[in-house]
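Visitor: I'd love a close look at one part of this protein, taken slowly. Could you walk me through a single helix and then its surroundings?

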Amino acid sequence: MTLPALSARRLALATLDRQLLLARRRIDVPEAVRALCALQAQTPASPYLALWNRIEEFAPEDLDAAFADGRVVKASLMRITLHAVHAEDYPAFHASMVSCLRASRLYDRRFTDTGLTAADADGLLTELTPYLRRARTGAEVEAEVLARLGEGVERAWWALRTYAPLHHVPAGGPWSFGHRNTFRAAPKAPEVTAREGARQLLLSYLRAFGPATAKDFARFTLLPSSTVKQAIEDLGETIEPVGGTGRAPLYDLPGATVPDEDTPVPPRLLPMWDSSLLAHVVPGRFLPAEFRPAAVRRNGDVLPCLLVDGQVAGVWRSLEGGGLELTAFRKLSAGEWRGLTEEAGCLVTWLADREPEVYRRYGHWWDKEMPAVETRVVKG
């Protein structure tokens, strides 16, 4: 039986609620990361800012500690990019994604030009695993590969580091992971099949982003449609169909709640590549189509966004010397600006001890067709 249809507003509210964006909550860091499924970690600061938006009185030292003791791990996973996930979820998530991760590298010309085969790469990984039980920099591993195989195979490590069961190791800097990538083999864990991993990943995804369609899940992961279909079939009555605004069936967990239509949504300053903006088919639940070209650049950079009443209404950036610049893509009310500037002032203060000019390297995007209706500067 399909449950009553949900409006676009209620679907957005459901995801906002599960993403802890309707109200900051008192929750410990690993538990929050698990509830959120996965935090995009392509840029080291992003998981920290994601949790700042979601956890009451979030202390970045708590995430430092979780990375350091391995309760939260950073690795290549969904969409062939880096994510921070709960350590106990990693084996299943990796098992579900490893086929995609392998294909993205082993069929790439940068690897095939080495003359190595997929079997060669797997054999090399078996040889390197004992070496990688200690933390090693990327440069160290590449030198080890060259010592074993000789010149001309530099891209072998480039392929392995994406699909192998490896964790990125904290190496310092304001956000735990500096410019030097350091790796360690993932701890031995009970074996999970790809099929079981996909089921577990889908359940985690629905807890964090549901209700959602099969295409939404495929968008979040880049898993092939056949794998997604199989996971849905395998789960059977563990998930249930929910009515929505489109033709594609939505799925959710039995008993999952959806907020009422008039639930208020507080303003938020989302980090770059916030997972909530990447969890559903384009343009997503929170990003108006007309603002997508400004917020998501052609190379895939998803800029730090202003969330107003649950929808992206602009972007923000840090300024040289500290402070934030808020750029609205539409006219905002005095109350909306007041809420945003209060949030921004808190963020300026919070960033001061870590990196006041966070994301500064991406500032060039503001010089390229930014549809600014109004801009305000907040100094804290």
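Visitor: Which elements do the buried residues of α10 pack against?

Guide: Happy to help, and please keep in mind that this is a predicted model. The buried residues of α10 pack against five helices and a strand, namely α1 (8–18), α2 (29–35), α5 (90–106), α11 (214–221), α12 (225–235) and β8 (250–252).

Let's start with the helix itself. Helix α10 covers residues 194–209, 16 residues in all, and at 1.5 Å a residue these should span 22 Å. The C-alpha atoms at its ends lie 21 Å apart, which agrees with that expectation. Its buried residues are Gly197, Ala198, Leu201, Leu202, Leu203, Ser204, Tyr205, Leu206, Ala208 and Phe209.

Just before the helix comes a loop. Pro190 sits in the loop between β6 (182–185) and α10. Pro190 counts as exposed because its relative accessible area is 69%, and the cut-off for exposed is over 50%. Pro190 and Pro174 are 16 residues apart along the chain, and their C-alpha atoms are separated by 34 Å.

One of the partners of α10, helix α5, has a packing arrangement of its own. The axes of α5 and helix α9 (residues 155–163) are 8 Å apart and meet at an angle of about 160°. That angle makes α5 roughly antiparallel to α9, because angles over 145 degrees are classed that way. On the α5 side the contact involves His94, Val98, Leu101, Arg102, Ser104, Arg105 and Leu106, and on the α9 side Trp158, Ala159, Thr162 and Tyr163. The crossing of α5 and α9 is right-handed.

Now for the nonpolar cores. In soluble globular proteins, nonpolar side chains tend to be buried together. The largest nonpolar core here has 71 residues, and Leu51, Trp316 and Leu326 touch the most other members. Helix α14 (residues 334–351) supplies the largest share of this core, with seven residues. A second, separate core holds 56 residues, among them Leu166, Phe183, Ala185 and Leu201. Leu201 takes us back to where we began, as it is one of the buried residues of α10.

For a last stop, α14 also packs with helix α3 (residues 45–52), at an angle of about 135° and with the axes 12 Å apart. That makes α3 oblique to α14, and their crossing is right-handed. Here Tyr48, Leu49 and Trp52 in α3 meet Glu343, Cys346, Leu347, Trp350 and Leu351 in α14.

Terms used: Residues numbered from 1 in each chain as written. Predicted model: local features only at pLDDT ≥ 70, side-chain atom pairs only at ≥ 80, totals over all residues. Heavy atoms only, no water. Core = buried A, V, L, I, M, F, W, Y, C linked by side-chain atoms within 4.5 Å. Buried < 20%, exposed > 50% of the residue type's maximum accessible area, 1.4 Å probe, protein only. Helix = DSSP H or I, 4+ residues; strand = E, 2+ residues; numbered from the N terminus. Expected span 1.5 Å × (residues − 1). Contact = heavy atoms within 4.5 Å. Axes fitted to C-alpha atoms, helices over the stretch in contact; angles between N-to-C directions. Parallel < 35°, antiparallel > 145°, perpendicular 65-115°, else oblique. Left-handed = near helix turned anticlockwise from the far one by under 90°.
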